[in-house]
Every structure is written in C-alpha cells, then in structure tokens.
Amino acid sequence: LLPLMFLIGLSYSQGGGYALDFDGSNDYVIVSNSIIPTSGDFSVSFCVNTNTLSNSYAEVVSQGTSGQSGFYIGYTPDGDIRLTDDWQTTGLSFSADGIWHYYTLVKSSSNTKFYIDGSLVASKGSAIGNPTATSFRIGKQFTGGEYFNGIIDEVCIWNTALTQEEILSGLLNGHSGTEPGLIAYYKFNAGEGETLYDHSGNA
C-alpha cells in the first residue's frame, strides 16, 4: 500500500518519531485502492494535533465515492466532529488545543463507537455502512477539497472491531505493526521522495 505524498512537511511528534504537517490548502496522502474494508467490521485510528480549525469542512481520513455513502472523520465549519455520511455530527467538538489526541472509530456488526484518548465519547447504537471500494485519503475528503490543517501521525486501519482495552494499549504502548487484524499502519517515520510506506507488513 504505497500512497503518494504531496507538498507535506515533516514534523517531530510526541512519540519520538516524525509526523506529517498538513497546511490546509493542498496537502494530502492518497492510496489508489481502498484500505478500509468494504464489508464486515473495521476500526480506524490516528493521532492528530492542531491549534487551527478552518471555517469549513475538513477531513483527517476519508474513503468513498461521490454520490454514495462515504467514510470520513473530520469536522464541520462549526468545529463539530463529523463521522461518515451515516453518522454525520456527534455534538462533540474537534480539539484545537495544540495537544496530541488519539481518535478511534470502531464499527461492528451491531454498533459504531467513537473514542478520544481511549475514552468512549459517542455510540451510534447501530452499525454504519462500510465505505465504497475506492481510494483512501489522509488530510482531505475523497472528492473535492476539505483539506485538514494540522499534524497527523500513526494512522492505523484494522479489519476487526477493537475493544477499549486494545485502543488503550495502542495509546499507551504504541503500535508494533503486527497487531492482529491490522491492515495498514502509516507512522510516517520512513519514506522517500513522494512515497510513504505501510509498516503493517502487508505491502
């Protein structure tokens, strides 16, 4: 899984490695194929740090096709956390305090849950739809703009529904890249030119 990286600067992260700094206007990472499973359970997590929210929609990660049910995690022009076409806003505010936060969305067959820094903050009560089979993006919407302004690190995708214990383990201990069900792991610590590497071992 080798996405292309466009006009993105490296930034030192709190975990002792590097992260990607997105400028909110034209920076993003794209994987030409789908990564988030188009059927079954899945989980998506990432670390993010920003002190600036734009007065528009912005997405940290996304996968989908215009006109169909899409997957994304980001915020609205009012700064509310926005989760997928099936969930939309949660009533929660996206953090813009200049501190690293760990966001995790977990979709199972019967529910969808959202965690911030390992704490359950929202539960939909039903399963969201799986995204369509199209390209995965970091830092923007799958169509159009909606660019994210801030620093992103440790983007992980699983084909399992993580438990809270597993989420807390990733938050406190970091990721090895060998966790069961891990599909892709972008820790931004290795790359060359405009190529970014997947550290899950799935190539």
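Among contacts in the protein chain between residues at least 6 apart in sequence, what percentage join residues at least 24 apart? The answer is 62%, and the legends below start from there.

**Figure 1. The whole chain, as a predicted model.** Welcome to the overview, where the secondary structure of the protein chain adds up to two helices and 17 strands. The chain has 203 residues, and 49% of them are buried. Its accessible surface is about 8,400 Å², with 45% of that belonging to carbon and sulfur atoms.

**Figure 2. A close-up of Asn111, in the loop between strand 10 and strand 11.** Strand 10 covers residues 101-107 and strand 11 covers 112-116, with Asn111 in the loop between the two. Is Asn111 buried or exposed? Asn111 counts as buried, because its relative accessible area is 16%, and the cut-off for buried is under 20%. Look for the side chain of Ser123 here: the side chain of Asn111 makes a polar contact with it at 3.0 Å. Leaving aside residues up to four places away in sequence, Asn111 touches Val106, Ser123, Lys124, Gly125, Ser126 and Ala127.

**Figure 3. A close-up of Cys47 and Cys156, with their sulfurs 8.1 Å apart.** How many disulfides does the structure hold? There are zero. For Cys47, the closest cysteine sulfur is in Cys156, and at 8.1 Å it is too far for a bond, because a disulfide needs the two sulfur atoms within 2.5 Å. Seen from Cys156, the closest cysteine sulfur is in Cys47. Both residues are worth a look for their surroundings too: Cys47 is buried at 14% relative accessibility, and Cys156 is buried with a relative accessible area of 0%.

How values were computed. Residues numbered from 1 in each chain as written. Predicted model: local features only at pLDDT ≥ 70, side-chain atom pairs only at ≥ 80, totals over all residues. Heavy atoms only, no water. Helix = DSSP H or I, 4+ residues; strand = E, 2+ residues; numbered from the N terminus. Buried < 20%, exposed > 50% of the residue type's maximum accessible area, 1.4 Å probe, protein only. Contact = heavy atoms within 4.5 Å. Areas by Shrake-Rupley, 256 points an atom, 1.4 Å probe, with all protein chains shown as cover. Polar contact = N/O pair within 3.5 Å; in protein donor to acceptor, adjacent residues only side chain to side chain.
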